[in-house]
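Here's a short set of exercises to work through with the model open in your viewer. Try each task before reading its solution.

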Amino acid sequence: MTRDAPDYPARVAPAIADLSRLDGVISECRACPRLVAWREEVATTKRAAFRHQEYWGRPVPGFGAVDAEIGLLGLAPAAHGGNRTGRIFTGDRSGDVLFAALHRAGLANQPTSVSRDDGLQLAHTRVFSAVRCAPPDNKPTPAERDTCAPWLHRELELIRPTLRVVVALGGFAWSAFWPALRAVYGMKPPTPRPAFGHGTLWRGPAGVPALLGCYHVSQQNTFTGRLTPAMLDDVFARAKDLAGL
Ligand code: SF4
(Lines give C-alpha, C1' and ligand atoms only; values in the text may rest on other atoms or scores of the structure.)
Protein backbone atom coordinates (compact mmCIF):
# COMPACT_ATOMS: atom_id res chain seq x y z
CA MET A 1 0.00 0.00 0.00
CA THR A 2 1.58 3.26 -1.06
CA ARG A 3 2.07 5.99 1.51
CA ASP A 4 1.07 8.66 -1.00
CA ALA A 5 -2.38 7.23 -1.74
CA PRO A 6 -5.19 9.50 -0.51
CA ASP A 7 -6.84 6.61 1.34
CA TYR A 8 -3.61 5.46 3.01
CA PRO A 9 -4.53 6.74 6.54
CA ALA A 10 -8.06 5.33 6.32
CA ARG A 11 -6.80 1.91 5.25
CA VAL A 12 -3.83 1.63 7.61
CA ALA A 13 -4.79 3.41 10.84
CA PRO A 14 -7.56 1.08 12.09
CA ALA A 15 -5.23 -1.93 12.32
CA ILE A 16 -2.43 -0.24 14.26
CA ALA A 17 -2.26 -1.78 17.71
CA ASP A 18 -0.35 0.71 19.84
CA LEU A 19 0.61 4.35 20.07
CA SER A 20 4.30 4.00 19.43
CA ARG A 21 3.62 2.09 16.19
CA LEU A 22 0.98 4.67 15.26
CA ASP A 23 3.44 7.52 15.84
CA GLY A 24 5.97 5.83 13.57
CA VAL A 25 3.54 5.12 10.76
CA ILE A 26 2.08 8.63 10.87
CA SER A 27 5.54 10.16 10.52
CA GLU A 28 5.99 8.35 7.18
CA CYS A 29 2.66 9.40 5.64
CA ARG A 30 2.62 11.18 2.26
CA ALA A 31 -1.09 11.13 1.47
CA CYS A 32 -1.56 14.88 0.87
CA PRO A 33 0.59 16.07 -2.05
CA ARG A 34 0.25 19.79 -1.30
CA LEU A 35 1.24 19.36 2.34
CA VAL A 36 4.10 16.99 1.55
CA ALA A 37 5.49 19.56 -0.89
CA TRP A 38 5.08 22.40 1.61
CA ARG A 39 6.55 20.65 4.65
CA GLU A 40 9.58 19.56 2.61
CA GLU A 41 10.07 22.94 0.98
CA VAL A 42 10.03 24.65 4.38
CA ALA A 43 12.48 22.05 5.66
CA THR A 44 14.84 22.87 2.81
CA THR A 45 14.58 26.65 2.67
CA LYS A 46 14.41 27.05 6.49
CA ARG A 47 14.12 30.24 8.49
CA ALA A 48 17.38 32.17 8.80
CA ALA A 49 17.54 31.73 12.59
CA PHE A 50 17.46 27.93 12.14
CA ARG A 51 19.54 27.59 8.99
CA HIS A 52 22.10 25.31 10.65
CA GLN A 53 19.46 22.95 12.00
CA GLU A 54 18.10 19.88 10.27
CA TYR A 55 14.33 20.22 9.98
CA TRP A 56 12.05 17.27 10.68
CA GLY A 57 10.03 18.02 7.54
CA ARG A 58 7.57 15.15 8.08
CA PRO A 59 4.20 14.55 9.74
CA VAL A 60 4.27 15.29 13.47
CA PRO A 61 2.75 12.57 15.68
CA GLY A 62 1.08 13.07 19.05
CA PHE A 63 3.11 13.41 22.22
CA GLY A 64 2.55 12.60 25.87
CA ALA A 65 1.07 9.98 28.16
CA VAL A 66 -0.19 6.74 26.61
CA ASP A 67 -2.85 6.58 29.33
CA ALA A 68 -3.88 10.21 29.19
CA GLU A 69 -7.08 11.44 30.81
CA ILE A 70 -6.70 14.82 29.08
CA GLY A 71 -6.26 15.25 25.32
CA LEU A 72 -5.13 18.58 23.88
CA LEU A 73 -6.24 18.91 20.29
CA GLY A 74 -4.60 21.54 18.08
CA LEU A 75 -4.92 22.43 14.42
CA ALA A 76 -1.64 21.38 12.75
CA PRO A 77 2.13 21.68 13.28
CA ALA A 78 3.75 25.06 12.70
CA ALA A 79 6.13 25.34 9.74
CA HIS A 80 9.15 26.33 11.86
CA GLY A 81 7.91 24.77 15.13
CA GLY A 82 6.73 21.17 14.99
CA ASN A 83 7.80 20.81 11.37
CA ARG A 84 11.33 21.78 12.45
CA THR A 85 11.61 19.90 15.74
CA GLY A 86 9.38 16.88 15.12
CA ARG A 87 7.33 17.39 18.26
CA ILE A 88 3.96 19.09 18.27
CA PHE A 89 3.89 22.68 19.65
CA THR A 90 7.65 22.52 20.12
CA GLY A 91 10.12 25.23 19.20
CA ASP A 92 7.77 28.16 18.74
CA ARG A 93 5.99 30.82 20.79
CA SER A 94 2.69 28.92 20.85
CA GLY A 95 4.39 25.99 22.52
CA ASP A 96 6.20 28.27 24.97
CA VAL A 97 2.84 29.50 26.23
CA LEU A 98 1.19 26.08 26.18
CA PHE A 99 3.87 24.07 27.98
CA ALA A 100 4.45 26.80 30.58
CA ALA A 101 0.75 26.52 31.42
CA LEU A 102 0.88 22.71 31.52
CA HIS A 103 3.83 22.95 33.90
CA ARG A 104 1.97 25.37 36.17
CA ALA A 105 -0.94 22.91 36.14
CA GLY A 106 1.33 20.06 37.21
CA LEU A 107 0.85 18.26 33.88
CA ALA A 108 4.43 18.72 32.56
CA ASN A 109 7.76 18.13 34.30
CA GLN A 110 9.30 21.30 32.83
CA PRO A 111 7.95 24.61 31.48
CA THR A 112 9.66 24.51 28.09
CA SER A 113 9.60 22.31 25.00
CA VAL A 114 12.44 22.99 22.61
CA SER A 115 13.43 19.67 21.01
CA ARG A 116 12.51 15.99 20.92
CA ASP A 117 15.32 15.13 23.36
CA ASP A 118 14.88 17.91 25.92
CA GLY A 119 13.55 15.61 28.65
CA LEU A 120 9.96 16.90 28.60
CA GLN A 121 7.40 14.49 29.98
CA LEU A 122 3.68 15.03 30.26
CA ALA A 123 1.54 13.53 33.01
CA HIS A 124 -2.09 12.55 32.37
CA THR A 125 -1.98 14.49 29.09
CA ARG A 126 -1.46 13.82 25.41
CA VAL A 127 -1.13 16.55 22.79
CA PHE A 128 -2.04 15.97 19.13
CA SER A 129 -3.38 17.83 16.14
CA ALA A 130 -6.25 17.39 13.71
CA VAL A 131 -3.87 17.58 10.73
CA ARG A 132 -0.37 16.16 11.12
CA CYS A 133 1.56 18.14 8.49
CA ALA A 134 2.29 21.86 8.52
CA PRO A 135 -0.06 23.58 6.05
CA PRO A 136 0.63 26.82 4.16
CA ASP A 137 -0.82 29.77 6.11
CA ASN A 138 -1.91 27.29 8.81
CA LYS A 139 -4.89 26.45 6.62
CA PRO A 140 -5.45 22.84 5.60
CA THR A 141 -8.11 22.25 2.99
CA PRO A 142 -11.25 20.32 3.93
CA ALA A 143 -9.97 17.40 1.84
CA GLU A 144 -6.63 17.39 3.73
CA ARG A 145 -8.46 17.53 7.05
CA ASP A 146 -10.59 14.54 6.07
CA THR A 147 -7.66 12.57 4.66
CA CYS A 148 -5.72 12.99 7.91
CA ALA A 149 -8.65 12.36 10.28
CA PRO A 150 -8.13 8.56 10.57
CA TRP A 151 -4.81 9.17 12.33
CA LEU A 152 -6.57 11.26 14.98
CA HIS A 153 -9.40 8.78 15.25
CA ARG A 154 -7.03 5.88 15.85
CA GLU A 155 -5.08 7.88 18.42
CA LEU A 156 -8.30 8.61 20.29
CA GLU A 157 -9.30 4.94 20.10
CA LEU A 158 -6.00 3.86 21.60
CA ILE A 159 -6.37 6.21 24.60
CA ARG A 160 -10.12 5.69 24.88
CA PRO A 161 -9.89 3.63 28.10
CA THR A 162 -8.52 6.60 30.05
CA LEU A 163 -9.54 9.69 28.09
CA ARG A 164 -12.04 11.89 29.96
CA VAL A 165 -11.78 15.32 28.35
CA VAL A 166 -10.56 16.82 25.09
CA VAL A 167 -9.46 20.46 25.18
CA ALA A 168 -9.98 21.90 21.70
CA LEU A 169 -7.47 24.65 21.00
CA GLY A 170 -9.41 26.82 18.57
CA GLY A 171 -12.39 26.40 16.31
CA PHE A 172 -10.72 24.08 13.79
CA ALA A 173 -9.93 21.54 16.52
CA TRP A 174 -13.43 21.96 17.96
CA SER A 175 -14.92 21.08 14.57
CA ALA A 176 -12.57 18.11 14.15
CA PHE A 177 -13.97 16.52 17.31
CA TRP A 178 -17.44 15.80 15.91
CA PRO A 179 -16.37 13.35 13.17
CA ALA A 180 -14.18 11.68 15.80
CA LEU A 181 -17.21 11.26 18.01
CA ARG A 182 -18.88 9.24 15.30
CA ALA A 183 -15.79 7.30 14.23
CA VAL A 184 -14.45 6.44 17.67
CA TYR A 185 -17.53 6.30 19.89
CA GLY A 186 -20.18 5.42 17.32
CA MET A 187 -22.19 8.40 18.48
CA LYS A 188 -24.17 10.74 16.27
CA PRO A 189 -22.89 14.27 16.86
CA PRO A 190 -25.38 16.76 18.31
CA THR A 191 -27.46 18.78 15.85
CA PRO A 192 -26.89 21.63 15.56
CA ARG A 193 -23.24 21.37 16.58
CA PRO A 194 -22.45 23.49 19.64
CA ALA A 195 -20.56 26.61 18.55
CA PHE A 196 -16.93 26.96 19.58
CA GLY A 197 -16.17 29.39 22.38
CA HIS A 198 -13.50 29.86 24.99
CA GLY A 199 -14.71 28.00 28.06
CA THR A 200 -17.59 26.33 26.23
CA LEU A 201 -18.17 22.83 27.55
CA TRP A 202 -20.00 20.02 25.79
CA ARG A 203 -20.74 16.85 27.70
CA GLY A 204 -21.86 13.63 26.13
CA PRO A 205 -23.09 10.42 27.71
CA ALA A 206 -20.99 8.36 30.12
CA GLY A 207 -17.94 6.88 28.46
CA VAL A 208 -17.57 9.75 25.98
CA PRO A 209 -15.01 12.47 26.76
CA ALA A 210 -16.18 16.00 27.46
CA LEU A 211 -15.14 18.68 24.98
CA LEU A 212 -13.81 21.95 26.40
CA GLY A 213 -13.12 24.95 24.16
CA CYS A 214 -10.03 27.13 24.57
CA TYR A 215 -8.73 29.90 22.37
CA HIS A 216 -5.75 28.71 20.36
CA VAL A 217 -2.33 29.49 21.84
CA SER A 218 -1.30 31.31 18.66
CA GLN A 219 0.68 34.54 18.92
CA GLN A 220 -2.32 36.29 17.42
CA ASN A 221 -4.22 35.47 20.61
CA THR A 222 -1.47 35.52 23.25
CA PHE A 223 0.28 38.72 22.08
CA THR A 224 -3.00 40.62 21.95
CA GLY A 225 -4.15 39.46 25.39
CA ARG A 226 -7.16 37.65 23.98
CA LEU A 227 -5.75 34.55 25.67
CA THR A 228 -3.84 35.19 28.91
CA PRO A 229 -1.87 32.81 31.13
CA ALA A 230 -4.61 33.13 33.76
CA MET A 231 -7.22 32.04 31.21
CA LEU A 232 -5.13 29.00 30.33
CA ASP A 233 -4.70 28.19 34.01
CA ASP A 234 -8.48 28.24 34.40
CA VAL A 235 -8.94 25.93 31.41
CA PHE A 236 -6.44 23.37 32.68
CA ALA A 237 -7.85 23.50 36.21
CA ARG A 238 -11.25 22.76 34.70
CA ALA A 239 -9.86 20.00 32.48
CA LYS A 240 -8.22 18.37 35.48
CA ASP A 241 -11.48 18.54 37.37
CA LEU A 242 -13.40 16.99 34.46
CA ALA A 243 -10.74 14.29 34.25
CA GLY A 244 -11.04 13.52 37.96
CA LEU A 245 -7.47 14.60 38.68
S1 SF4 B 1 -1.66 15.81 6.64
FE2 SF4 B 1 -2.02 13.78 7.51
S3 SF4 B 1 -2.81 12.52 5.83
FE4 SF4 B 1 -1.87 14.36 4.91
S5 SF4 B 1 0.26 13.73 4.45
FE6 SF4 B 1 0.26 14.68 6.47
S7 SF4 B 1 0.02 12.96 7.93
FE8 SF4 B 1 -0.60 12.23 5.89
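**Exercise 1: the ligand shell**

How many residues surround the ligand, and which are the closest?

Solution. Keep in mind that you're looking at a predicted model.

- Start by counting: the ligand has 13 residues around it.
- Next, pick out the closest: Cys29, Ala31, Cys32, Cys133 and Cys148.
- Then sort the shell by residue type, which gives 10 nonpolar, 1 polar and 2 charged.
- Now ask where the shell comes from: helix α6, spanning residues 142–158, gives the most, with 3 residues.
- Finally, place the ligand itself: the largest cavity is where it sits.

**Exercise 2: a bridge between two loops**

Find the salt-bridge partner of arginine 58, then work out where both residues lie and whether each is buried, partly exposed or exposed.

Solution.

- The partner is glutamate 28, at 3.3 Å from N to O.
- Arginine 58 is in the loop between α3 (33–45) and β1 (63–64), while glutamate 28 is in the loop between α2 (19–26) and α3. The two are 30 residues apart, so this pair links distant parts of the chain.
- For exposure, use the 20% and 50% cut-offs. Arginine 58 has 29% relative accessibility, so it counts as partly exposed. Glutamate 28, at 35%, is partly exposed too.

**Exercise 3: a loop tied to a helix**

Which parts of the chain does the salt bridge between glutamate 40 and arginine 30 tie together?

Solution.

- Check the contact: the side chains meet at 2.8 Å, N to O.
- Locate the ends: glutamate 40 belongs to helix α3 and arginine 30 to the loop between α2 and α3, so the bridge ties together parts 10 residues apart in sequence.
- Look at accessibility: glutamate 40 is partly exposed at 30%, and arginine 30 is partly exposed at 31%.

**Exercise 4: helix to helix**

Is glutamate 144, which bridges to arginine 34, buried or exposed?

Solution.

- The closest N and O atoms of glutamate 144 and arginine 34 are 2.8 Å apart.
- Glutamate 144 is in helix α6 and arginine 34 in helix α3, 110 residues apart, and the pair links distant parts of the chain.
- Under 20% counts as buried, so glutamate 144, at 7%, is buried. Arginine 34, at 35%, is partly exposed.

**Exercise 5: the wider picture**

How many salt bridges are there, and which residues are linked in a network of them?

Solution.

- The count comes to 13 salt bridges.
- The network links Asp23, Arg126, Arg132 and Glu155.

Key: Residues are numbered from 1 along each chain as its sequence is written. This is a predicted model: local features need pLDDT of at least 70, side-chain atom pairs count only at pLDDT 80 or more; totals for chains, interfaces and linings use all residues. Side-chain values use heavy atoms; hydrogens and water are left out. A residue is near a molecule or strand if one of its heavy atoms lies within 4 Å of it. On a 1 Å grid over the protein atoms alone, a cavity is a set of points where a 1.4 Å probe fits but cannot get out, and a pocket is an open set with protein on both sides within 12 Å along at least five of seven lines; lining residues have an atom within 4 Å of a point. A molecule sits in a cavity or pocket if more than half of its atoms lie within 2 Å of its grid points. Helices (H or I, at least four residues) and strands (E, at least two) are DSSP runs, numbered from the N terminus. Ala, Val, Leu, Ile, Met, Phe, Trp, Tyr, Cys and Pro count as nonpolar, Asp, Glu, Lys and Arg as charged, and the others, Gly among them, as polar. A salt bridge is a side-chain nitrogen of Lys or Arg within 4 Å of a carboxyl oxygen of Asp or Glu. Buried means under 20% relative accessible area, exposed over 50%, partly exposed in between (1.4 Å probe, protein chains only).
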